[in-house]
Amino acid sequence: MSETERITIYAAVDSPFPHRVLLALEEAGATYDTIWIDLMDKEEWYEQKVNPAGGKVPFLVYGGPKLHPGEAPSTDAVKIAESRVILEFLADIFPAAHLLPADPVLRARARLFIATVDAKLIKALVGFLFLGAPLENLLAVFEELQAVLPPTGFVVGEWSIADASFIPILVRVRSLLENVLENYNPEAAKEGVEALRSPRFARLQQYYEDVMARPSTSKTWSEEKVNLSFARRMDRFLKTGIINNEERVPVPST
Ligand SMILES: N[C@@H](CCC(=O)N[C@@H](CS)C(=O)NCC(=O)O)C(=O)O
């Protein structure tokens, strides 16, 4: 398989999972096409023709001709779901980009970090935003992740797919607390902003500055669009109890 196969990534602006893949593609200096999916108004063709296993994003197509919205990828193209799997695939097909370090110990650390983000951070975030879980649960996971950061640099020193897994959530949480959540839960928003700026999170603040200075972040982080989209999702949630296409809670009575 050559590195010159066409890459198409199906992404949604509000989801952190495709954002992971976009970051890694930018870091690899890859040429790729993005097809944007609106998860709040998802068109049938996506699940029917592209990703029949749940219609989730991200979804990567490797090979085949140029794709347009509504088209099915060619049968001989490689098709990969799950952001973690896609990140590893990109590390494999772009070895010169060092998206994973060569040292087996650092590789293991990167993978463990990703596993922790997936197992704990996402759950704590959904719990805080939609299920009434305390902000402190989310902060505690940030603290746990901060504790494994080296004194300087990225998760395992050089930027890696471990950073790709974490950055989309970190930048979303910061921005939602600062810009959007005050309209829904002003006390928690204020508390969260203050906490993340406090000495408790000094290392994470430095990490955030380093991340924001990275061209891959500025090219892929659509802050305004993400915040607008989150507000749409939150308004729907308050009316219907729908968190996403898999989770729904009873609408709180007023
Ligand atoms: N474990 C998956 C999670 C992907 C996922 O849950 N994507 C959500 C968006 S956050 C999705 O596409 N949901 C389909 C929908 O909302 O219709 C990954 O890492 O790629």
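Which residues of H3 are buried? In this predicted model, the buried residues of H3 are Ser-83, Ile-86, Leu-87, Phe-89, Leu-90, Ala-91 and Ile-93. Their packing partners are S1, H1, strand S3 (59-62), strand S4 (78-81) and H6. Helix H3 itself spans residues 83-93, and H3 will appear again below, among the elements that line the largest pocket.

It helps to set this helix in the wider layout of the chain. The protein is divided into two parts, domain 1 (7-97) and domain 2 (104-240). Between their C-alpha centres there is a separation of 22 Å. Where the two domains meet, domain 1 supplies 18 residues to the contact and domain 2 supplies 28 residues.

The largest pocket comes next. Its space amounts to about 1200 Å³. The lining is made up of 37 residues, and those closest to the centre of the pocket are Ser-15, Pro-16, Phe-17, Leu-39 and Asn-244. Two or more lining residues come from each of helix H1 (16-27), helix H3 (83-93), helix H4 (104-130), helix H6 (161-180) and helix H10 (223-240). The biggest share belongs to H4, which gives six residues. By residue class, the lining holds 18 nonpolar, seven polar and 12 charged residues. Because domain 1 and domain 2 both give residues to the lining, the largest pocket lies between them.

Ser-15, one of the residues closest to the centre of the largest pocket, deserves a look of its own. Ser-15 sits in the loop between strand S1 (7-11) and H1. Its relative accessibility is 7%, so Ser-15 counts as buried. The side chain of Ser-15 reaches the backbone nitrogen of Phe-17 at 3.2 Å, and Phe-17 is itself listed among the residues closest to the pocket centre. Leaving aside residues up to four places away in sequence, Ser-15 touches Leu-39, Val-57 and Arg-172. Ser-15 and Ser-229 are 214 residues apart along the chain, yet a distance of 9.6 Å separates their C-alpha atoms.

Arg-172 also turns up around His-19, a residue of helix H1. With 3% relative accessibility, His-19 counts as buried. Two polar contacts can be followed from its side chain: one, of 2.8 Å, goes to the side chain of Arg-172, and another, of 3.0 Å, goes to the side chain of Thr-220. Once residues up to four places away in sequence are set aside, His-19 touches Pro-168, Val-171, Arg-172, Thr-220 and Trp-221. Arg-172 is thus touched by Ser-15 as well as by His-19.

The account closes with Arg-214, found in the loop between helix H8 (202-212) and helix H9 (215-220). Is this residue buried or partly exposed? Arg-214 has a relative accessible area of 25%, and therefore counts as partly exposed. Its side chain makes a polar contact of 2.9 Å with the side chain of Glu-27. In sequence Arg-214 and Glu-27 are 187 residues apart, while in space their C-alpha atoms are 9.3 Å apart. Other residues touched by Arg-214, again not counting those up to four places away in sequence, are Phe-154 and Trp-159.

Terms used:
Residues are numbered from 1 along each chain as its sequence is written. This is a predicted model: local features need pLDDT of at least 70, side-chain atom pairs count only at pLDDT 80 or more; totals for chains, interfaces and linings use all residues. Side-chain values use heavy atoms; hydrogens and water are left out. On a 1 Å grid over the protein atoms alone, a cavity is a set of points where a 1.4 Å probe fits but cannot get out, and a pocket is an open set with protein on both sides within 12 Å along at least five of seven lines; lining residues have an atom within 4 Å of a point. Grid points are joined across faces, edges and corners, and a volume is the space filled by probe spheres set on the points. Helices (H or I, at least four residues) and strands (E, at least two) are DSSP runs, numbered from the N terminus. Ala, Val, Leu, Ile, Met, Phe, Trp, Tyr, Cys and Pro count as nonpolar, Asp, Glu, Lys and Arg as charged, and the others, Gly among them, as polar. Domain bounds come from an automatic or database domain assignment. Buried means under 20% relative accessible area, exposed over 50%, partly exposed in between (1.4 Å probe, protein chains only). Contact means heavy atoms within 4.5 Å. A polar contact is a pair of N or O atoms within 3.5 Å; within protein, one must be able to donate a hydrogen and the other to accept it, and residues adjacent in sequence count only if both atoms are side-chain atoms.
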